[in-house]
Amino acid sequence: MKETRYYATGRRKEATARVWVSPGDGQISVNERTLERHFPREALRMILLQPLDVIEGRGKWNIHATVSGGGLSG
């Protein structure tokens with residue numbers, strides 16, 4: 001059976017983000033680190049999770065992202 005997986009790339013100035021989204025149990029990783037480890041500030045995690053809350057998808061999608069450039073909150 002073929003796994004459903006979505007891919008997107010975003011760029012701004014010198015920053016690049018690649019994101020893969022697939023149905024799952026809510027695992028989120030950024031540059032091979034957990035969400036809590038990559039974004040230590042609660043406010044940043046809340047902003048990141050807002051789209052999942054809007055679609056009631058928290059805990060239903062696995063997200064794997066690789067980012068470079070831009071800084072921690074940039």
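This short presentation describes the fold of one protein and then several of its residues.

Good morning. Please keep in mind throughout that the model before us is predicted.

Let us begin with the overall picture. The protein contains two helices and five strands. Reading from the N terminus, the order of these elements is β-β-β-β-α-α-β. The C-alpha trace spans about 40 × 25 × 20 Å along its principal axes. How does the radius of gyration agree with that of a compact globule? For 74 residues, a compact globule would have a value near 11 Å, and the protein has 13 Å, which agrees.

Next, the surface and the interior. About 5,800 Å² of the protein is exposed, and 53% of that area comes from carbon and sulfur atoms. Of the 74 residues, 22% count as buried. As for contacts with a separation of 6 or more, 62% of them involve residues 24 or more positions apart.

I now turn to the sheet. In general, strands of a sheet pair through backbone hydrogen bonds, and the pairing may be parallel or antiparallel. Here we have an open sheet of five strands, in the order 1-2-5-3-4, with mixed pairing. Which strands stand at the edges? They are strand 1, residues 6–12, and strand 4, residues 33–34. Each has a single partner strand, so one side of each is left without a neighbour in the sheet. Strand 4 runs antiparallel to strand 3, which covers residues 28–30, and two bridges join them. Within this part of the sheet, valine 30 stands opposite arginine 33 of strand 4.

Arginine 33 leads us to another residue, histidine 38. The side chains of these two residues make a polar contact at 3.1 Å. Histidine 38 lies in helix 1, which comprises residues 35–38. Is histidine 38 buried or exposed? Its relative accessible area is 12%, and buried means under 20%, so histidine 38 is buried.

Let us move to strand 2, where threonine 16 is placed. Threonine 16 counts as buried, with a relative accessibility of 17%. Which residues are in contact with threonine 16, if we leave aside its neighbours within four places in sequence? They are Thr9, Gly10, Arg11, Thr66, Val67 and Ser68.

Now to the aromatic rings. A pair of such rings is described by two quantities, the distance of the centres and the angle of the planes. The count for this protein comes to two aromatic pairs. In the pair of tyrosine 7 and tryptophan 20, the ring centres are 5.1 Å apart and the planes stand at 45 degrees, so the pair is tilted. This pair links distant parts of the chain, since tyrosine 7 belongs to strand 1 and tryptophan 20 to strand 2, residues 15–23, with their positions 13 residues apart. Both members count as partly exposed: tyrosine 7 has a relative accessibility of 46%, and tryptophan 20 has 23%.

Finally, consider lysine 2, in the segment before strand 1. Lysine 2 counts as exposed, at 77% relative accessibility. How far apart are the C-alpha atoms of lysine 2 and serine 29? They are separated by 22 Å, and the two residues are 27 residues apart along the chain.

To close, I return to the main element of this talk: an open sheet of five strands with mixed pairing. Thank you for your attention.

Note on methods:
Residues numbered from 1 in each chain as written. Predicted model: local features only at pLDDT ≥ 70, side-chain atom pairs only at ≥ 80, totals over all residues. Heavy atoms only, no water. Helix = DSSP H or I, 4+ residues; strand = E, 2+ residues; numbered from the N terminus. Buried < 20%, exposed > 50% of the residue type's maximum accessible area, 1.4 Å probe, protein only. Polar contact = N/O pair within 3.5 Å; in protein donor to acceptor, adjacent residues only side chain to side chain. Pairing = 2+ DSSP bridges. Rg over C-alpha atoms; globule rule 2.2 N^0.38 Å. Contact = heavy atoms within 4.5 Å. Areas by Shrake-Rupley, 256 points an atom, 1.4 Å probe, with all protein chains shown as cover. Phe/Tyr/Trp six-rings, centres within 6.5 Å; stacked < 30°, edge-to-face > 60°.
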